[in-house]
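This report introduces a structure to a reader who has not met it before. The sequence and the coordinates are shown first, and the description follows.

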Amino acid sequence: MDSEEAVEAAPTASQGPAEPVRPAIPVQPERFTQAQESPEFGDLRRAHRSFAFPLTVAFIAWYLLYVLLSNYAAGFMDATVVGNINVALVFGLAQFLTTFLIAWWYSRHAAAKIDPKAEAVRASMEAAE
Amino acid sequence: MSTRTTALHATAHQLAATGASEHRTLIISLFSVFVAATLGITVWAGRQTKDATDFYAGGRSFTGFQNGLAISGDYMSAASFLGIAGAISLYGYDGFLYSIGFLVAWLVALLLVAEPLRNSGRFTMADVLAHRLRQRPVRTAAGTSTIVVSIFYLLAQMVGAGALVALLLGATGEGSRRWIIGLVGLVMVLYVTIGGMKGTTWVQIVKAVLLIAGTLLITILVLNKFDWNLSTLLGRAAESSGKGKAFLEPGLQYGKDGTSKLNFVSLGLALVLGTAGLPHILIRFYTVPTARAARKSVNWAIGIIGAFYLMTIALGFGAAALVGPKAITASNESGNTAAPLLAQEVGGGAGSTGGAVLLAVISAVAFATILAVVAGLTLASSASFAHDLWANVIRKGKTNEKEEILTAKVAAVVIGAVSIVLGIYAHKLNAAALVALAFAVAASANLPTILYSLFWKRFTTRGALWSIYGGLVSSVTLVILSPVVSGNPKALFPGMSFDYFPLGNPGLVSIPLGFALGWLGSLLSQPAPDQRQKYAELEVRSLTGYGAH
């Protein structure tokens with residue numbers, strides 16, 4: 001890449017005015033467009049979105065199901081499971097469990113599938129500076 | 001953080017009846033130790049605060065674990081400690097419903113917000129928006145909603161602090177309540193102006209450790225009394241509540257009629273979507289060096305906050321079983337003192353040394369909790385004022401770092417003064433409405449814009465402005481028109497009635513509206529010519545961490 005131009009390029013408006021004294025990040029708009037259109041970045045975007053988006057819809061639906069059942073399905077929620085423990089309590093504790101599991105699952109996915117791709121794209125951009 | 005703070009002020013009937021005022025000296029000593037120690041830390045942190053990154057973001061030098069603790073300290077307010085335990089002790093299962101929304105909400109932050117925000121922003125939420133949208137209007141909008149959300153939240157904590165003092169120290173006089181609110185305000189301003197983000201973070205870490213340790217101790221003592229059998233504990237709680245099996249089932253509080261059920265859905269939505277839009281939570285992600293550390297800190301926070309809410313089950317049902325609803329409501333009709341009363345009970349009962357010590361410890365922890373939360377809120381709002389409104393809008397970027405930090409410190413003093421005055425004169429305000437409003441505004445005004453900015457190519461400045469102002473105005477207006485403000489004896493203006501909106505929480509209407517306006521405003525405007533490139537820059541930065549601060 002024509003690195004001279006990149007270094008000389010003016011900082012964009014988005015970089016705040018009170019920028020501490022540090023080497024200006026070479027910001028050349030086409031670089032970002034090029035990076036964004038690269039197949040590697042497409043993979044990275046897909047690795048994040050195809051995992052995070054459906055999972056977000058799923059856990060919000062699962063939570064709303066719990067809210068709605070608590071409101072409108074008394075018969076089901078009040079049923080005894082064992083001793084004084086009813087379905088409502090088990091369902092509530094299940095929300096805790098699924099929250100912990102989803103956090104763990106996402107982090108595992110991110111470490112295995114997202115981080116390496118992000119690092120690769122970043123490294124190739126930095127190498128081109 | 002819960003509606004149970006509602007009447008913290010309403011029944012400033014002393015715990016004196018149950019012996020708290022006798023232990024006033026002990027409570028005050030413990031609390032003074034906490035204040036002295038944290039101020040010491042603050043001065044130490046202040047010495048290491050050199051530039052804007054230190055002041056706003058703690059030098060980005062905290063580890064994921066440290067930040068996870070600090071996030072937990074920022075998030076677990078006195079209301080969730082005292083309020084949820086109290087709500088469970090009086091309403092049984094329905095008190096527990098709250099904590100689930102508060103916890104699940106963290107997944108939104110983890111999956112969609114924390115990492116891209118850390119990668120692409122510097123100090124405030126608006127930094128991310130300013131990457132791709134017209135900087136001055138969006139900073140003005142985001143700065144305004146940040147300050148509105150923080151002030152409502154802050155006010156709720158101040159009102160709560162004043163009432164808590166009355167309850168726990170038996171200081172029922174108007175004068176002493178004012179002194180305490182003033183003191184809380186002064187200490188929080190000192191934390192923020194001297195220690196900046198570094199000092200504030202350490203205060204939150206210390207508080208989180210104390211809160212978890214205190215809660216764990218009481219939980220162990222309670223469970224031990226029931227041979228570690230949850231079913232036995234629940235049975236005794238149901239029996240002692242006088243409500244039988246219904247105490248363990250949903251519906252005691254929210255199941256009255258169709259409107260209260262709908263209100264619960266609205267509240268649930270605001271809780272689960274509000275967290276990832278709370279400014280004082282968002283800026284915490286900037287205190288770690290990388291997006292991966294931001295992810296780690298959310299994971300720690302989910303673990304710590306989840307464990308805490310699980311323990312509130314033991315606290316709440318334990319208080320119902322061991323203290324009983326009669327003694328709890330005699331002390332405070334919304335149950336806010338259930339946890340300290342329980343501490344006294346498991347420590348050996350009223351009049352015993354063990355009981356006195358545990359009561360004092362738990363009360364001091366509750367105060368520490370309030371101080372740490374208000375410090376976080378003051379920092380978030382003054383940072384947004386200095387960085388977004390002052391430096392980039394009013395001074396149009398022609399300022400230096402020194403001036404910006406000074407502005408932030410002045411803003412912290414002003415915000416502190418404003419919240420002291422509001423806290424003193426607005427103590428009749430319903431703390432619940434304020435907190436619910438803060439969550440609803442965060443979910444309606446902040447979250448749509450954050451998500452659209454990060455993930456939607458076609459999003460425009462007009463979409464952002466419509467979404468932020470639309471979400472802000474609609475949620476505030478609906479609360480004003482709700483039964484919280486007028487039309488019934490418990491309302492802010494009981495004598496008037498303009499309660500045209502039936503729900504206490506506006507989320508069910510204002511959150512979809514905020515998302516819809518962001519979408520509509522974008523489609524009804526032309527993207528700026530450089531829109532494609534600007535979004536490319538934000539997307540690449542946010543996903544890869546390239547050029548991250």
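## Chain A: order of elements

From the N terminus onward, chain A follows the order α-α-α-α-β-β-α. In total, chain A holds 5 helices and 2 strands. The model described here is predicted.

Chain A has 129 residues, of which 29% are buried. Among the contacts in chain A with a separation of 6 or more, 52% join residues that are 24 or more positions apart.

## Confidence of the model

The model has an ipTM of 0.91 and a pTM of 0.90. In chain A the mean pLDDT is 83, with 79% of the residues at 70 or more. Residues 1-24 of chain A have a pLDDT below 50, and this stretch makes 35 contacts in the model beyond near neighbours in sequence.

For chain B the average pLDDT is 88, and 93% of the residues score at least 70. Residues 1-19 of chain B have a pLDDT below 50, and that stretch has 70 contacts in the model beyond near neighbours in sequence. Among the elements of chain B, the lowest mean pLDDT, 84, belongs to helix α4 (residues 78-91), while the highest, 97, belongs to helix α19 (residues 507-523).

## Annotated spans in chain A

An unreviewed UniProt entry places the feature "transmembrane region" at residues 51-73 and 85-107 of chain A. In the model, residues 51-73 of chain A are 96% helix and 0% strand, and the end C-alpha atoms of this span lie 31 Å apart. Residues 85-107 of chain A are 91% helix and 9% strand, with end C-alpha atoms 32 Å apart.

## Where the chains meet

Contact between the two chains involves 50 residues of chain A and 57 residues of chain B. On the side of chain A that touches chain B, at least two residues each come from α2 (29-37), α3 (39-72), α4 (74-77), β2 (85-86) and α5 (87-127). The largest share, 17 residues, is supplied by α5(A). By class, this side of chain A comprises 31 nonpolar, 15 polar and 4 charged residues.

## The largest nonpolar core

The largest nonpolar core has 226 residues, and B:A319 and B:L342 touch the most other members. Helix α15 (residues 353-394) of chain B gives the most to this core, with 26 residues.

Beyond neighbours within four places in sequence, the contacts of B:L342 are B:I218, B:L315, B:G318, B:A319, B:L322 and B:V323. B:A319 is thus one of the residues in contact with B:L342.

## Helix α16 of chain B

Helix α16 of chain B covers residues 401-425, a run of 25 residues. At 1.5 Å a residue the helix should span 36 Å, and its end C-alpha atoms are 36 Å apart, so the expected and modelled values agree. Buried residues of α16(B) include B:E404, B:I405, B:T407, B:A408, B:A411 and B:A412. Further along α16(B), B:I415, B:G416, B:S419, B:I420 and B:G423 are also buried.

## Buried residues in two other helices

B:P116 belongs to helix α5 (residues 93-120) of chain B. B:P116 counts as buried because 25 C-beta neighbours lie inside 10 Å. Leaving out residues up to four places away in sequence, B:P116 touches B:L454, B:S542 and B:L543. B:P116 and B:F285 are 169 residues apart along the chain, and their C-alpha atoms are separated by 9.9 Å.

B:R177 lies in helix α8 (residues 174-225) of chain B. B:R177 has 23 other C-beta atoms within 10 Å and is therefore buried. Between B:R177 and B:V165 there are 7.0 Å, C-alpha to C-alpha, for a distance of 12 residues in sequence.

## Positive phi in two loops

Which backbone angle draws attention to B:R60? B:R60 is not a glycine, yet it has a positive phi of about 50°. The residue B:R60 is found in the loop between α2 (52-57) and α3 (64-75) of chain B. Because it has 20 C-beta neighbours inside 10 Å, B:R60 counts as buried.

B:D227, likewise a residue other than glycine, has a positive phi near 50°. B:D227 is placed in the loop between α8 and α9 (230-241) of chain B. With 8 C-beta neighbours inside 10 Å, B:D227 therefore counts as exposed.

Notes. Residues numbered from 1 in each chain as written. Chains lettered and ligands numbered in written order. Predicted model: local features only at pLDDT ≥ 70, side-chain atom pairs only at ≥ 80, totals over all residues. Helix = DSSP H or I, 4+ residues; strand = E, 2+ residues; numbered from the N terminus. Buried ≥ 20, exposed ≤ 12 C-beta atoms within 10 Å, placed from the backbone. Contact = placed C-beta atoms within 7 Å. Core = buried A, V, L, I, M, F, W, Y, C linked by C-beta atoms within 7 Å. Nonpolar A, V, L, I, M, F, W, Y, C, P; charged D, E, K, R; others polar. UniProt positions renumbered as here; feature names shortened; annotations may be inferred. Expected span 1.5 Å × (residues − 1). pLDDT = per-residue confidence, 0-100.
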